[in-house]
Amino acid sequence: MATTPPRNALRLAATLLTASIALYMALVAFGNITDFDTNRDFVRHVLAMDTTFKDDDLMWRAITSKGLQDTAYVAIIVWETVAALVLIYGTWLWFRDGDRGARRWSTYGLLMVMLLFGAGFIAIGGEWFAMWQSGDWNGLDAATRVFVFSGIVLLVNHLPGTSEA
């Protein structure tokens with residue numbers, strides 16, 4: 001079967017926006033793999049809560065085991081990599097024929113990104129580990145940007161007219 005490009009502007013938007021998030025996640029995963037130490041330090045500081053206000057009522061939440069910290073970081077990288085692959089596949093399906101499979105796979109990938117940045121970084125990192133208190137290791141603004149961008153792409157993917165069926 002010959003592949004055909006998206007046949008309408010809305011499907012093109014879904015394709016290109018999904019591709020943008022796929023590219024972003026692929027670059028994030030690649031960066032975390034090839035420059036492992038930089039963001040590992042970020043995860044270690046957030047989980048250790050060593051740059052927060054050090055309130056005794058919160059510090060019991062801190063994870064100071066480097067083994068547990070590194071396990072969490074590797075799990076994040078695996079999640080990012082899988083999300084990127086799912087989004088690349090969703091992008092390919094959008095480009096190929098814009099069917100419901102494209103919407104479904106793009107949705108899976110976008111939800112993976114939103115869970116990582118929303119539940120993982122904003123809720124758990126930001127609130128549970130009080131990342132918002134850190135002047136040096138606060139990734140809430142970046143996480144919020146990715147969460148919002150992914151949410152917008154998810155909405156575009158589900159607008160009427162982005163799928164033939």
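The following paragraphs lead from the overall architecture of this predicted model to individual residues in its helices and loops.

The protein contains 6 helices and 0 strands, and along the sequence the elements follow the pattern α-α-α-α-α-α. Taken along the principal axes, the C-alpha atoms fill a box of roughly 60 × 30 × 20 Å. Of the 165 residues, 42% count as buried. The exposed area of the protein is about 8900 Å², and carbon and sulfur atoms supply 69% of that area. Contacts between residues at least 6 apart in sequence can be sorted by their separation along the chain: 75% of them join residues at least 24 apart. As for charge, the protein carries 12 positive and 15 negative side chains, and the centres of these two sets are 12 Å apart.

Helix 1 comprises residues 9-34, and L12 belongs to this helix. L12 is partly exposed, because its relative accessibility of 40% falls between the limits of 20% and 50% that separate buried from exposed residues. A long-range distance can be taken from this position: L12 and D141 are separated by 129 residues in sequence and by 29 Å in space, C-alpha to C-alpha.

Helix 4 spans residues 66-96 and includes T91. With a relative accessibility of 14%, T91 counts as buried, because this value is under 20%. Which residues does T91 touch, apart from those up to four places away in sequence? They are T15, T18, A19, A22 and S106. For A19 there is also a polar pairing to note: a polar atom of the T91 side chain lies 3.3 Å from the backbone nitrogen of A19. T91 thus has a side-chain to backbone approach to A19 as well as the listed contacts, S106 among them.

The early part of helix 5 can be read through two residues, G101 and A102. G101 is found in helix 5 and is buried, with a relative accessible area of 10%. The C-alpha atoms of G101 and G90 lie 7.6 Å apart, with their positions 11 residues apart in the numbering. A102 also lies in helix 5, and its relative accessibility is 0%, so A102 counts as buried. Leaving aside residues up to four places away in sequence, A102 touches G90, L93 and W94. G90 therefore appears twice in this description, as a contact of A102 and as the partner in the C-alpha distance from G101.

Helix 5 covers residues 100-128. What separates A102 from G125 in space? The C-alpha to C-alpha distance is 31 Å, for a separation of 23 residues in sequence. The helix is bent by about 30° at F121. After helix 5 comes A130, with a positive phi near 55°.

A130 occupies the loop between helix 5 and helix 6, the latter formed by residues 140-157. Its backbone deserves attention, because most residues other than glycine have a negative phi. A130 is not a glycine, yet its phi is positive. Is A130 buried or exposed? At 1% relative accessibility, A130 counts as buried, since the cut-off for burial is under 20%.

M49 presents a second case of this kind. The phi of M49 is near 55°, again a positive value in a residue other than glycine. M49 lies in the loop between helix 2, residues 36-48, and helix 3, residues 56-59. M49 is buried, with a relative accessible area of 1%.

M59 provides a link between the two loop residues. M59 lies in helix 3 and counts as partly exposed, because its relative accessibility of 23% is not under the 20% required for burial. Beyond residues up to four places away in sequence, M59 touches A48, M49, T52 and K54. M49, the positive-phi residue of the loop between helix 2 and helix 3, is thus one of the contacts of M59. Towards the other loop residue, the C-alpha atoms of M59 and A130 are separated by 9.3 Å, although the two residues are 71 places apart along the chain.

Conventions. Residues are numbered from 1 along each chain as its sequence is written. This is a predicted model: local features need pLDDT of at least 70, side-chain atom pairs count only at pLDDT 80 or more; totals for chains, interfaces and linings use all residues. Side-chain values use heavy atoms; hydrogens and water are left out. Helices (H or I, at least four residues) and strands (E, at least two) are DSSP runs, numbered from the N terminus. Buried means under 20% relative accessible area, exposed over 50%, partly exposed in between (1.4 Å probe, protein chains only). The bend at a residue is the angle between axes fitted to the seven residues ending there and the seven starting there. Contact means heavy atoms within 4.5 Å. Accessible areas come from the Shrake-Rupley method with a 1.4 Å probe; for residues, only the protein chains shown count as cover. Lys and Arg count as positive and Asp and Glu as negative; His and the chain ends are not counted. The place of a charge is taken as NZ of Lys, CZ of Arg, CG of Asp or CD of Glu. A polar contact is a pair of N or O atoms within 3.5 Å; within protein, one must be able to donate a hydrogen and the other to accept it, and residues adjacent in sequence count only if both atoms are side-chain atoms.
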